[in-house]
Amino acid sequence: MGLLSEGSPLAWDETKALAQHVREHGIEQFINMYARLKDRQGDVLKWGDEVEYIIVRFDDEGRAVQVSLRAQEILAKLNEKEAADPQGVKSLWRPEYGAYMIEGTPGKPYGGLLAHFNVVEANMRYRRMEVAALLPPNEFVMSITNFPRLGCPGFTFPPAVPTPDDESCAARSNFFPDEAIFPGHPRFKTLTRNIRQRRGEKVSINLPIFPDSATKTPVEGSIPSLPNHVHMDAMGFGMGCCCLQLTFQACNISEARTLYDQLTPMCPIMLALTAASPAYRGYLTDVDCRWNVISASVDCRTKEERGELPLKNDRFRIYKSRYDSIDSYLSPAGDKYNDVPLVLDETLYKRLREGDIDHLLAQHIAHLFIRDSVSLFSEKVHQNDREDTDHFENIQSTNWQTMRFKPPPPNSPIGWRVEFRPCEAQLTDFENAAIVCFVVLLTRVILSYQLDFLIPISKVDENMQNSQKRGAVLTERFWFKKNITAIPTGEGVPPQTAAPLPTQQQNGTAEKEEDQEYELMTIDQIINGKGTFPGLVPLINSYLGSMDVDADTHCTIQQYLKLIQKRASGELMTTASWIRKEVVQHPEYKNDSVLGEGICYDLLRKAKDIQDGVLACPELLGNNISSKTTDNIPAAIEKHLTKR
């Protein structure tokens, strides 16, 4: 979720009055931090995953299912282990937006050994079991992206009722009660209230309903201008979704900028490939992913900033929500693909340049800092800009984008990092581990083979919208670089250290015309290859072929890569397609796009049995799933690591 400062939250009027103070001091903090850390070198590859979970409660007698608002209680027990032995725990737990959500990460980041890929799934399984041990018999922890009936009457336990007319409430939603917001930290309700107040009205999320033969319009609760859309009106509908994220530590700032850029075109591809959320507020919608839902759920832009009124009281016309895809590349190689006009604070940009920040990084930061702080604590107003970073992180951490470029924390052994944020949560640990390992392996191949995925930012934006459409993984085509093994100009891996390219060697006559650098491809073609385009999984396999991989790790990785390949080709379904199939084929479904209580109960019961391995689901997972995942890397490899 981002920065969790402790203290007393300020009201919106007080926060707004300090907006420029936060921006100016945040910039000074970044300049000072950059001066200290820009030349930092030699950090080793470390990486980790974050999985968000929902606690659900089944009423077997009533054939009903609800979210359980006990995350704070469960989290307190989970955190006892960390408090007792911070360095020895196998998992770390943090709060999330929903009072029914928790976020789990490995106790320590993984390293550069290939054997670490064999530990990921086992650690995820451990995390799930750790939570399950604290739950009563009728409650379960599930890694589902969205609870399908979030916002329907009675969707919480204990029961809670929305209070849209209560001015003391944070959300004032017609559907989402404040009790469903995590109560253990003031940040969450403060953000909810301040985003609504800054916008001047409640957020408005509208998804096209899945058009079935008996679908009724206007949809119940829809707004008059969009009668065939499912309407939602609270931050909780977006930030109450779960996702799967990865963070990578780079060896230096240059490598971090390269990874940030090269992974950006992969964000829409992975969003479509991991699509897992077709149902909202008890309806099937015509989208498969959560991204635009979250984007709209925290869209604090005023009517002037959205372009609905001429600028009078506000500073900028802002073209995206603060939760969206990135707007500019950071590496020199990416500069020529920055084709979207960048709205930035010119005064802050000038100060950054005076502070010895290069143009690309300065415009990135100055663009993030067009936003106001939407959460500020009285104890954090006045800071030492040479030592503190809270004002910088305040705005950095509330720009929720597909990629996040993360400076080293102050007084920490942690280096420059990149966060990969688009993936949806999957039902099983096997699937989540497969996605994690695929993306991490891809970063290794990008750096080893000097792959070049860069395409114009405008094309990435187009891909992001197409990736969320129903069935996008099979029906949509995406802009992608044709010659990904052509070495880009600018910073990156030095040529003398680059691994030999396994396929598609550079022909020495790189195409000059920009419109010939990329083309529309299916995800199957991107992942599995076509013609002279090698495909990402074949490139990963070529990379692995040149490495010394132990047998168990090799077996596990191959299982993961097969899942990715088969999801891309359509041989296996995405989670979103599977959920949609389960709903429309349910005997209680009336072809009206409505996901009733009984349907939701049966759907999540089945999903729970699949996640626990009780029920096989070959259309989602394939057959003969037998990864060799283990809790620890082999002793011989551990010994080798210790010697180094």
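**Close-up views of a predicted model**

**View 1. Cys251 is partly exposed in this predicted model.** The relative accessible area of Cys251 is 23%. Buried would require under 20%, so Cys251 falls outside that class.

**View 2. Cys243 sits without a disulfide partner.** Cys243 counts as buried, at 4% relative accessibility. The closest cysteine sulfur belongs to Cys242. It lies 7.5 Å from the sulfur of Cys243, which is too far for a bond. A disulfide needs the two sulfur atoms within 2.5 Å. The structure holds zero disulfides.

**View 3. Strands E7 and E8 pair antiparallel.** E7 covers residues 205–208, and E8 covers residues 229–232. Four bridges join the two strands. One of the bridge pairs links Pro208 to His229 in E8.

**View 4. The side chains of E8 point two ways.** His229 and His231 point one way. Val230 and Met232 point the other way. All four are buried. In a regular strand, side chains alternate between the two faces of the sheet.

**View 5. The largest pocket holds about 1,500 Å³ of space.** Its lining has 48 residues. Nearest the centre lie Glu50, Thr247, Lys406, Ile414 and Arg417. Elements that give two or more residues to the lining include strands E3 (91–95), E4 (101–106) and E9 (244–249). Helices H6 (236–239) and H12 (390–396) are also among them. Strand E1 (46–59) is another such element, and E1 gives the most, with six residues.

**View 6. The lining of the largest pocket mixes residue classes.** It divides into 22 nonpolar, eleven polar and 15 charged residues.

Notes:
Residues numbered from 1 in each chain as written. Predicted model: local features only at pLDDT ≥ 70, side-chain atom pairs only at ≥ 80, totals over all residues. Heavy atoms only, no water. 1 Å grid on protein atoms, 1.4 Å probe; cavity = no way out; pocket = protein on both sides within 12 Å on 5 of 7 lines; lining within 4 Å. Points joined across faces, edges and corners; volume = space filled by probe spheres on them. Nonpolar A, V, L, I, M, F, W, Y, C, P; charged D, E, K, R; others polar. Buried < 20%, exposed > 50% of the residue type's maximum accessible area, 1.4 Å probe, protein only. Pairing = 2+ DSSP bridges.
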